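Work through the exercises below with the model in view. Try each task before reading its solution.

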Amino acid sequence: LLNSEPNIGEVVDHVNTIKSDNRIGNLRIATESQNNFNRSQRKDNTSGVKGVTWIKKTNKWQAQCMVEGVQYYLGVYSKIEDATKVVDDFRREFHKEFSNKG
């Protein structure tokens, strides 16, 4: 429940990522970093999985994820399902309730 205005360094985050959905139950206070965790998948994503990209040079799927401005390289995988699992597990551990698959 949103009980107050955000403090310096905090923002209002939309739980469902829909910026026009301003119902109280969809709003929460978050840091900029937490708000970024909850971003939707990029429009130019071609894998269909947030944090997973196809690397033509190696013919493998690369998994990566960001926390507090640091990009974490999570490995390369032959199967997209393996890369997806690694990214999902990482998000659950580090992004917690702000985790968003995209």
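**Exercise 1. Count the salt bridges.**
How many salt bridges does the count come to?

Solution. Start with the rule: a salt bridge is a side-chain nitrogen of Lys or Arg within 4 Å of a carboxyl oxygen of Asp or Glu. By this rule the count comes to four. Side chains of opposite charge can pair when their charged atoms come close.

Some ground rules apply. The model is predicted, so local features need pLDDT of at least 70 and side-chain atom pairs pLDDT 80 or more, while totals for chains, interfaces and linings use all residues. Residues are numbered from 1 along each chain as its sequence is written, and side-chain values use heavy atoms, without hydrogens and water.

**Exercise 2. Follow Arg 28.**
Find the salt-bridge partner of Arg 28, then state which strands hold the pair.

Solution. Step one: Arg 28 pairs with Asp 13, and the closest N and O atoms are 2.7 Å apart. Step two: Arg 28 lies in strand β2 (residues 27–31) and Asp 13 in strand β1 (residues 10–14), so the salt bridge ties together parts 15 residues apart in sequence. Strands are DSSP runs of E, at least two residues, and helices are runs of H or I, at least four; both are numbered from the N terminus. Step three: check burial (buried is under 20% relative accessible area, exposed over 50%, partly exposed in between, with a 1.4 Å probe and protein chains only). Arg 28 is buried at 17%. Asp 13 is buried at 1%.

**Exercise 3. Compare the two ends of a pair.**
Asp 21 forms a salt bridge with Arg 23. Is Arg 23 buried or exposed?

Solution. The closest N and O atoms of Asp 21 and Arg 23 are 2.7 Å apart. Asp 21 is buried, with a relative accessible area of 13%. Arg 23 is exposed, with 53%.

**Exercise 4. Trace a network in helix α2.**
Which residues do shared salt-bridge partners join to Lys 85?

Solution. Lys 85 forms a salt bridge with Asp 89, with closest N and O atoms 2.6 Å apart. Both lie in helix α2, four residues apart, about one turn of the helix. Asp 89 is partly exposed, at 30% relative accessible area. Shared partners join Lys 85, Asp 89 and Arg 92 into one network.

**Exercise 5. Order the sheet.**
In what order do the three strands of the open sheet stand?

Solution. The order is β3-β4-β5, with antiparallel pairing. Strands pair if DSSP finds at least two bridges between them. β3 (52–55) and β5 (70–77) are at the edges with a single partner strand each, so one side of each has no neighbour in the sheet.
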